[in-house]
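Student: I have the sequence and the structure open side by side. Could you take me through the reasoning behind the labels people put on a model like this?

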Amino acid sequence: MTLHERPTASVVGEAVPHESAALHVTGAALYTDDLGVRLHNLLHAWPLQAPHAHARVVRLDPGPALAVPGVVRVLTAADVPGVNDAGVKHDEPLFPDLVQFHGQALCWVLADSEEAARRGAAAVLVEYEVLEAVLTLREAAERESFQGARPTVSRGDVQVGLDGSAHVFSGEFEFGGQEHFYLETNAALAHIDESGQVFVQSSTQHPTETQEIVAHVLGLPSHAVTVQCLRMGGGFGGKEMQPHGFAAVAALGASLTGRPVRLRLNRTQDLTMTGKRHPYLARWTAGFDEQAHFVALRAEVYSDGGYSLDLSEAVMARTLCHIENAYFIPHVQVRGSVCRTHKTSQTAFRGFGGPQGMLIVEDLLSRCVPLLAARGVHVTPEEIRARNFYVDGQTTPYGQPVKDADRLQTIWETLLTRSGYAERREEVRAFNAAHGSRRRGLAITPVKFGISFNFTSYNQAGALVHVYKDGSVLINHGGTEMGQGLHTKMLQVAATALGVPMSAVRLAPTRTDKVPNTSATAASSGADLNGGAVRDACLQIRSRLAAVAAGRLSVHPDDVRFEAGRVFRLGHPDTAIDFAALVHHAYMERTQLWAAGFYRTPGLHWDREAMRGEPFKYFAYGASVSEVEVDGYSGAYTLRRVDILHDVGDSLSPLIDLGQIEGGFVQGAGWLTLEDLRWDTSDGPGRGRLATSSASTYKLPSFSEMPEVFRVDLLERATETGVVYGSKAVGEPPVMLAISVREALRDAVAAFAPAGTAGEVRLASPATPEAVYWALDAARRGTGTPDAVAGEPPAAVSGP
Amino acid sequence: MDVTLTVNGVTRAATGITPHTSLLHWLRREGLTGSKEGCAEGECGACAVLLSRPGEDGGTRLESVNGCLLPLAALNGQEVRTVEGLGTPAALHPVQEALAVRGGSQCGYCTPGFVVSMAAEYYRPEREVTEDGNGFALDAVHGNLCRCTGYRPIRDAAQVLGRPAQADPLLPALQRPAPGPRATRLTADGATFLREETLQDTLRVLQEYPDARVLAGGTDVSVEVNLRHARPPLLLAVDHLPDLTGLHWTPDTLEIGAALPLSDLQRRLSGRVPLLDAWFPLFASRLIRNRATLGGNLGTGSPIGDSPPVLLALDARVVLTSLSGEREVPLSAFFTGYRQTLRRPDELIRAVRVPLPLAPLSGFQKIAKRHLDDISSVAVAFALRVEDGVVRHARIGLGGVAATPLRALITEAALEGQPWTAEVAERAARLLSAEGTPQDDHRASAAYRAAMLGNALRRFHGEHPAPGTEAPV
């Protein structure tokens, strides 16, 4: 059987609840910080956070902290036996002598209680020499404060394209980042175990890299360090890189004191110390022909990387690989620059730069629609999109053929029909004509998202599968569970591959001493990669079992079938023997009943200097329709209805995939409409401080932001050949479906304009009620551009 | 003195705690790690637990509260139930079952809090299951944040819950009266938690220790303890005092006890003060309203508290009491500066008095980034009496536009005596936009705040036009 084919009666495809659901709802599911209570003699770690965005540490004296009752030790740079760095680029000192963002941890206090550790941290004496700080993206771009590579994606000749375009427009778009706000903050728990190894429980998406950083900080080989991740209370990319340093601090403390060390950030520490989704600034020039076909796009794209590189180069690469989203653009030249600012080091966040790239082009298209109309080219926002869709045979600007491009059109047309788009467009028009202070808006937007790590080497995975003599199965794989349902899918894959019921399979926690050299659980690839590896291991065992069964059933091994815990001769279920009985026989015949599985994604290549190649195994497609209602008095709005049609291939686990789509959508809507990161950019004493550093100031979508009507369908008959059991990745693409919410808001805002005056609608991002208010205020006054977007809010404020 | 607590039916002595130890921290230290800390300020609900409170019928009400905001000592002698006390993986509670099978959990970290909030609603005695629906009020979960699911499956789970079965193991306990707060003194780590039996004793302490931090529901004090590491040396609990928890109607006054939890107040008013009814759902979340009080919201003196605008519009007066007697001050004179009030250190806010009859035309508007459970950028409350088309009485309370909550005196004066027409409203709206001294901050710009003031009045007039004109929809 090939990778994508499913046996009959397969467990994949069944809509099962999350494998830990019963543990979640009873509070029995354990997270890293729940484990400390089980350990004796536990130490608690607390950071000293710098109160400046940029400063030299002139003096750091931990002496007074040691006088605080309960304080056991203060960890500083002098304690590091290995490398004093928490990152992979060697630009993130674990114990720095140069402060590079407000709230950066300088040293860590270990004490018998959290309270004592906190008091100890407050007692440490530090003297700073305050330095000038660069805080805003604009300022960094103007000063050319860049870090890392500045890659360009290009195709054709953009100047020729623009010169040959009938209509050329330019614009600028600056938009905000996003805090992950996983409900479980970063946590690590380390002790030296009975065999002398360093054992670290970490809430990490990347146990292998956590292991490597712990090892290099401690000056140990990797085999002396084991990292385990039971589960995370959310990750969203925020635990791909950030956990390493915290794990290293805990491990260093444990190795120096001989006592277990617990480190858990509280919410404010997590918000002020860890990286976020990158804010962006884009300056673009776009050319269209008389039919509103894209001809050329030139853009300079800047991201705010914060103080260090982290994954910013890779995030920018993905931005450049998604800036055209679903649209064919003949001439392209887009350069990306990662700015260095004195902020937290921005990092991976669900979508990994893809959302930012797509947002640029989606914003651009909607802004150009009225500009084209003013030139006599009349298209609706949905028409200009559909007209520019990739078709089969076309390639992306970086040279990858767009496989299954026809799915874009299929999804688009199906969704327009299912959502009743045309009729609802009329209803919206009628509503807007009949209401004085409220306007409704409707929009549809597409998603095309490349699946695989841009960094080709990461596209590999391992698994370890044991079949015990009683027929029970234990699986281990290199992926981590953060709520996305990876473990559920892996149980289904193993049960399918071995032909046993799901109840026969147990999954053991992710540990670096079981499956080594793993990739981060990221890039939506967890199920593709680990599923390939788990299946591989199971098939090795199954083929050995088939040989044993062939003897007992007197058939060729190819004709042995494994189904639901029964093993029989093809076409003769009546000959079945129990899987457990077969396993027992196999053991007696000295058959190896465990296997290591491995998977590497075939057919990938990527030249990151030239920004060319085929970095993705395939594309995930989807589209969404959103309808909003905006209050003209305040700019507040409600999300009335959302319809989604999304391509997950043949779903491995439909309930899990539905949850990923809905949850990703709402998280994306939060980024685009609500979640507002603000730093103190004044020259006051708080300069550089994150002003939204708590749950009361940084607002996530709550129940009140859930769409009133929420209809999600999976694309049918969508087998993805070359992927485990015909499925597709689902973690990230739905985030970008939320762009339709922003476009629906723009549509509603435009409806506030007096008849005949509708112009370009600029909308800030996030489109908070205030941002929507200024946009609709501008639309009412017929100016199109809200003054507030440019910085200064309008002096005169008019009513509805 | 020992602090004891009954958790999931088992009475435990709390050792090694201080006046600042929260219920959540203690539960987790005891190994009950189902309750989580997500924010430590009552915003996320991951720490929710059920607190047994004496019900009006002599039984027990299970109320959801934030474990992170409850000083453990304040619960001495009381009963709580955590997520572990509702069901087990092998025997799920109906709420747990409904969430589990519908994909209501993904990472699972917020899930125990949702289970607890939903369980409180599941057992709420006023919830009626009919053919039209199960009566589940979704505001029960508005104080719980989930970052994974997008909430739809949680809503669906809430909407399939029936009424508790007759064999429900919790029902017998709900028939028995719940223990209330108990006189308590706990001294540790240089600080004292004190709950005196009587008001007189409480006032005596307050006179002797003017720095005492008065604690009612704890939803504000505990945030300072958790996030800003305040360690007040004396916490003085007042939430149990009958003089502070009553609700009394006379022909010309409604008196509301300053320490009456807002949920109790809402239930006991049952709609008789429409302006308060418009306000309750927009004040934080049920998890908070189950503990928060008017006295606390006024006493903290915050310019962005949401009760002052409403109470200002109601012309409320504050009753302050001390050993030297009681005095009544108009709320409009109560706030003297940023987080400063007329309350002397030896005084307690005992009650709030609202004059009757109420102005018939009222409304509350809250402008915030998020619809629910957010802090106001601007809050505006209106209370008008319009007779024969003329405004005879106008009170407008404002929050978020100055160092203190304030009344829009200029706008009120411009309205009184004028016909309630669109022209007058528009003129008044322009004046209202200029009231206060709004600032730029991370919630909103000053310009937006000013615009929202005027628009609040435009909207209010639009919704309540003069008799004979039609309200636009």
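Tutor: Happy to. Let's start with chain B, whose domain assignment gives domain 1 (1-180) and domain 2 (243-463). Keep in mind that this is a predicted model.

Student: Where do the centres of domain 1 of chain B and domain 2 of chain B lie, and how many residues are in contact?

Tutor: Their C-alpha centres are 32 Å apart. Still, 13 residues of domain 1 of chain B are in contact with ten residues of domain 2 of chain B. Contact here asks for C-beta atoms within 7 Å. On the domain 1 side, strand E4 (residues 60-66) of chain B gives the most, with four residues. By class, that side has four nonpolar, seven polar and two charged residues.

Student: What makes H2(B) oblique to H3(B)?

Tutor: Start with the value: the axes of helix H2 (residues 94-101) and helix H3 (residues 111-123) of chain B cross at roughly 130 degrees and come within 9 Å. Roughly antiparallel needs an angle over 145, and roughly perpendicular covers 65 to 115. The crossing angle falls in neither class, so H2(B) is oblique to H3(B). The crossing of H2(B) past H3(B) is right-handed.

Student: Which residues of H2(B) and H3(B) meet there?

Tutor: From H2(B) come B:Val95, B:Gln96 and B:Leu99, and among their partners in H3(B) are B:Phe114, B:Met118 and B:Tyr122. The contact has seven nonpolar residues, two polar and no charged ones.

Student: Why is H15(B) called roughly antiparallel to H16(B)?

Tutor: Same approach. H15(B) and H16(B) pack at about 160 degrees, with axes 7 Å apart. The cut-off for roughly antiparallel is over 145, so the label fits H15(B) and H16(B). H15(B) also passes H16(B) in a right-handed crossing.

Student: Which residues of H15(B) and H16(B) are involved?

Tutor: On H15(B) they include B:Ala425, B:Ala429 and B:Leu432, and on H16(B) they include B:Ala450, B:Leu453 and B:Leu457. In this contact, nine residues are nonpolar, three polar and three charged.

Student: How do you know that chain B touches chain A, and which element gives the largest share?

Tutor: By the contact count: 73 residues of chain B are in contact with 67 residues of chain A. Elements giving two or more residues to the chain B side include helix H1 (23-29), H2, H3 and helix H4 (152-159) of chain B, along with helix H15 (422-433) and helix H16 (446-463) of chain B. The largest share, ten residues, comes from H16(B). The chain B side divides into 34 nonpolar, 25 polar and 14 charged residues.

Student: And how do you know that the two domains of chain A touch?

Tutor: Domain 1 of chain A covers 21-28 + 460-600, and domain 2 covers 406-452 + 618-800. Their C-alpha centres are separated by 41 Å, yet 15 residues of domain 1 of chain A are in contact with 16 residues of domain 2 of chain A. Helix H14 (486-498) and helix H15 (526-553) of chain A each supply at least two residues on the domain 1 side. That side has three nonpolar, nine polar and three charged residues.

Student: What does UniProt place at residues 186-359 of chain B?

Tutor: An unreviewed UniProt entry places the feature "domain: FAD-binding PCMH-type" there, at residues 186-359 of chain B. Over that stretch of chain B, the model is 30% helix and 28% strand.

Conventions. Residues numbered from 1 in each chain as written. Chains lettered and ligands numbered in written order. Predicted model: local features only at pLDDT ≥ 70, side-chain atom pairs only at ≥ 80, totals over all residues. UniProt positions renumbered as here; feature names shortened; annotations may be inferred. Axes fitted to C-alpha atoms, helices over the stretch in contact; angles between N-to-C directions. Parallel < 35°, antiparallel > 145°, perpendicular 65-115°, else oblique. Left-handed = near helix turned anticlockwise from the far one by under 90°. Nonpolar A, V, L, I, M, F, W, Y, C, P; charged D, E, K, R; others polar. Domains from an automatic or database assignment.
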